[in-house]
Amino acid sequence: MSEVAISHTIFIIVTVILVSAVSAAVILKTYQIMSAYSQRSSAEAQALETQLTPVYAYYNSTDSSYYVFIRNSGYTTISRAELSYVEVFLGPANGTLNMYLYSQSGGQGTWGLVAIYGSQGGQLSPGAMAEIVVRTGVNFGNTVHVVISLPDGQDFSAYLQSSP
């Protein structure tokens, strides 16, 4: 009879250990899923709060550059430092876009900030407008395609009629 009691005791101990291991694995996986969901939710909320709208562009033949006006139509303020990490893509409406990286000092193939209108402190606050210069070296015609790409992967695109 003692053999039956020992067998039952061993069975109970093994069962408790297995249930504990399975519970720990389930709790860990649940935590990982909740953490991923929280991060994704936070990123989605930030994406909804950040909106840039290319509004107007014109070509300046004097310096062979496009001047593009971009409105912050979102809810978050974008600092000058954050703007320096933005990539600008510009080209003809039905053609290949060229990428332009930030450089305030200039040079063909770069873009720079000209001014921020409707904001104080040099930041692009909600409702404010930024004027940028995109140093293309070439005129793409009357209609240009502008894409503003933020470091977090958000892209804002528009086809703009440039003035002559």
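# Reading the labels on this model

Tutor: Let's start with an aromatic cluster, which is formed by Tyr-56, Tyr-58, Tyr-67 and Phe-69. Keep in mind that the model is predicted.

Student: How many aromatic pairs turn up in the whole structure?

Tutor: A search finds seven. One of the pairs is Tyr-56 with Tyr-58, and its planes sit at 35°.

Student: Why is the pair of Tyr-56 and Tyr-58 called tilted?

Tutor: Check the distance, then the angle. Rings pair if their centres lie within 6.5 Å, and these centres are 6.2 Å apart. Stacked needs planes under 30 degrees apart and edge-to-face needs over 60. The planes here are at 35°, so the pair is tilted.

Student: What makes Tyr-56 and Tyr-58 partly exposed?

Tutor: Buried stops under 20% and exposed starts over 50%. Tyr-56 has 34% relative accessibility, so partly exposed is the label. Tyr-58 has 24%, so that residue counts as partly exposed too.

Student: And Leu-18, why does that one count as exposed?

Tutor: The bar is over 50%. Leu-18 comes in at 54% relative accessibility, so exposed it is. You'll find Leu-18 in helix α1, residues 2–49.

Student: Which residues make the nonpolar surface patch with Leu-18?

Tutor: Ile-6, Ile-10 and Val-14 join Leu-18 there, and the patch covers about 380 Å².

Student: How do you know that Ser-65 is buried?

Tutor: Its relative accessible area is 2% and buried means under 20%, so Ser-65 qualifies. Ser-65 belongs to strand β2, residues 65–72. Setting aside residues up to four places away in sequence, Ser-65 touches Tyr-58, Tyr-59, Asn-60, Val-133, Val-134, Arg-135 and Thr-136.

Student: What does the side chain of Ser-65 reach?

Tutor: The backbone oxygen of Asp-63, at 3.0 Å. The cut-off for a polar contact is within 3.5 Å.

Student: Why does His-145 count as buried?

Tutor: Same kind of check: the label needs under 20%, and His-145 has 12% relative accessibility, so it counts as buried. His-145 lies in strand β7, which spans residues 143–149.

Student: What joins the side chains of His-145 and Ser-157?

Tutor: A polar contact of 2.7 Å. Leaving out neighbours within four places in sequence, the contacts of His-145 include Phe-89, Leu-90, Pro-92, Leu-97, Ser-157 and Tyr-159.

How values were computed: Residues are numbered from 1 along each chain as its sequence is written. This is a predicted model: local features need pLDDT of at least 70, side-chain atom pairs count only at pLDDT 80 or more; totals for chains, interfaces and linings use all residues. Side-chain values use heavy atoms; hydrogens and water are left out. Rings of Phe, Tyr and Trp (its six-membered ring) pair if their centres lie within 6.5 Å; planes under 30 degrees apart count as stacked, over 60 as edge-to-face and the rest as tilted. Buried means under 20% relative accessible area, exposed over 50%, partly exposed in between (1.4 Å probe, protein chains only). Patches are made of residues with over 30% relative accessible area and no salt bridge: like charges are joined within 9 Å, nonpolar side chains (Val, Leu, Ile, Met, Phe, Trp, Tyr) within 5 Å. Accessible areas come from the Shrake-Rupley method with a 1.4 Å probe; for residues, only the protein chains shown count as cover. A salt bridge is a side-chain nitrogen of Lys or Arg within 4 Å of a carboxyl oxygen of Asp or Glu. Helices (H or I, at least four residues) and strands (E, at least two) are DSSP runs, numbered from the N terminus. A polar contact is a pair of N or O atoms within 3.5 Å; within protein, one must be able to donate a hydrogen and the other to accept it, and residues adjacent in sequence count only if both atoms are side-chain atoms. Contact means heavy atoms within 4.5 Å.
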